[in-house]
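Colleague: I'm new to this one, so could you walk me through it without rushing? I'd like a quick overview first, and then a close look at one part.

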Amino acid sequence: MKYKINPKVTLIGAGPGDPELITVKGVKALQTANIVLYDALINRALLNYVPKNAKKIFVGKRKGFHRYSQDEINELIIKSAFEYGNVIRLKGGDPFVFGRGAEEIDYIESFGIETAVIPGISSSMAVPASQGIALTKRGVSESFWVITGTTSERKLSHDVYLAAQSSATVVILMGMNKLNKIIEIFKRFDKSHMPTAIIQNGTTRNEKIGLGTIDSILEVVEQKDLSAPAIIIIGEVVRESAKLRSFYENMYIENPSIQT
Ligand SMILES: C[S@@+](CC[C@H](N)C(=O)[O-])C[C@H]1O[C@@H](n2cnc3c(N)ncnc32)[C@H](O)[C@@H]1O
């Protein structure tokens with residue numbers, strides 16, 4: 001006997017990398033999946049929550065795998081919903097923070113398919129927090145900007161110019177291949193001494209961190225061989241972190257001329 005398919009798509013934020021940084025609601029939804037379409041930056045351990053007979057398809061970008069375009073992913077989601085019913089779309093961090101979650105929801109809903117979104121902990125907040133960096137701190141930073149270094153046209157976001165002129169903490173995602181340009185902009189707006197941290201694979205076993213200032217960070221990136229996926233955090237709050245403070249104290253003792 002054929003059972004009736006009820007197409008439904010749930011976008012789940014998988015969190016920043018540590019498999020324990022997913023929500024309880026996210027785990028419960030994974031346990032009901034008929035099929036899961038997952039991205040590159042999600043922790044594979046999360047797939048253990050998915051029922052054994054459910055299908056799992058990797059749709060992220062990684063060497064050696066077919067590179068799905070966003071249009072292909074959209075088509076696959078629709079096809080899966082009509083074929084399997086309950087589709088889970090598992091995305092890194094939060095689906096609505098540079099995750100194309102909104103585009104996927106708009107497309108799915110245009111087919112009249114029911115959707116749900118389960119928020120995730122974005123790397124933009126969790127990765128700094130894991131190093132003790134408070135994005136806002138009374139008397140130090142009143143706000144924070146989360147910007148993409150690379151827009152959908154592969155260009156540097158104009159917002160980087162605006163953020164460099166503000167007193168806000170600046171968090172840049174997808175900025176590693178535009179790092180030279182980003183540094184140049186911050187220097188142009190007299191931020192050469194601003195504490196800067198770059199964290200690669202934050203909250204995971206492969207985490208790597210580089211610390212410095214706008215002036216020194218390119219050298220640090222080279223020395224430590226830092227690359228994507230990484231976030232760039234620029235602001236006084238970086239040196240306020242109890243975990244990182246001694247690095248900055250030593251830096252200023254060794255180079256008193258850069259004391260601000
Ligand atoms: C396409 S965006 C997705 C962001 C995601 N939706 C979020 O909320 O974290 C991918 C970028 O997020 C950042 N990112 C994601 N996970 C990270 C991690 N664990 N450590 C450092 N950066 C990370 C990197 O800048 C990476 O290039």
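How far apart are the mean positions of the positive and negative charges of the protein? And after that, which residues of helix 7 are buried, and what covers them?

Modeller: Charges first, keeping in mind that this is a predicted model. The protein has 32 positive and 27 negative charges, and their mean positions are 6 Å apart.

Now some background before we zoom in. There are 260 residues, 48% of which count as buried, and they make up nine helices and ten strands. The C-alpha trace spans about 80 × 40 × 35 Å along its principal axes. Accessible surface adds up to about 13800 Å², with carbon and sulfur atoms holding 51% of that. If you take contacts with a separation of 6 or more, 65% of them join residues 24 or more positions apart.

On to helix 7, which runs over 217-224. Its residues Ile217, Val220 and Val221 are buried. Looking down the helix axis, you'd find the buried residues within an arc of 100 degrees, so they line one face of the helix. As a rule, an α-helix has 3.6 residues a turn, so residues three or four places apart point the same way. Flip to the face turned away from that buried side and you meet Glu219, Glu222 and Gln223, which are exposed.

So what sits over the buried residues of helix 7? Among the elements covering them are helix 6, strand 8 (195-200) and strand 9 (208-213). Just past the end of helix 7, Asp225 has a positive phi of about 55 degrees.

Helix 7 also has a part in something bigger, the largest nonpolar core, which has 23 residues. Within that core, Ile182, Phe186, Ile198, Ile232 and Ile234 touch the most other members. Helix 7 supplies at least two of the core's residues, as do helix 5 (159-164), strand 7 (169-173), helix 6 (179-188) and strand 10 (230-234). The largest share, five residues, comes from helix 6.

For a feel of that core, try Ile182: leaving aside residues up to four places away in sequence, it touches Leu156, Val160, Ile172, Gly175, Ile232 and Ile234. Apart from this core there's another, of 18 residues, including Ala14, Ile22, Leu46 and Phe58.

Technical notes
Residues numbered from 1 in each chain as written. Predicted model: local features only at pLDDT ≥ 70, side-chain atom pairs only at ≥ 80, totals over all residues. Heavy atoms only, no water. Helix = DSSP H or I, 4+ residues; strand = E, 2+ residues; numbered from the N terminus. Buried < 20%, exposed > 50% of the residue type's maximum accessible area, 1.4 Å probe, protein only. Contact = heavy atoms within 4.5 Å. Areas by Shrake-Rupley, 256 points an atom, 1.4 Å probe, with all protein chains shown as cover. Lys, Arg positive; Asp, Glu negative; His and termini not counted. Charge placed at Lys NZ, Arg CZ, Asp CG, Glu CD. Core = buried A, V, L, I, M, F, W, Y, C linked by side-chain atoms within 4.5 Å. Arc of directions from axis to C-beta.
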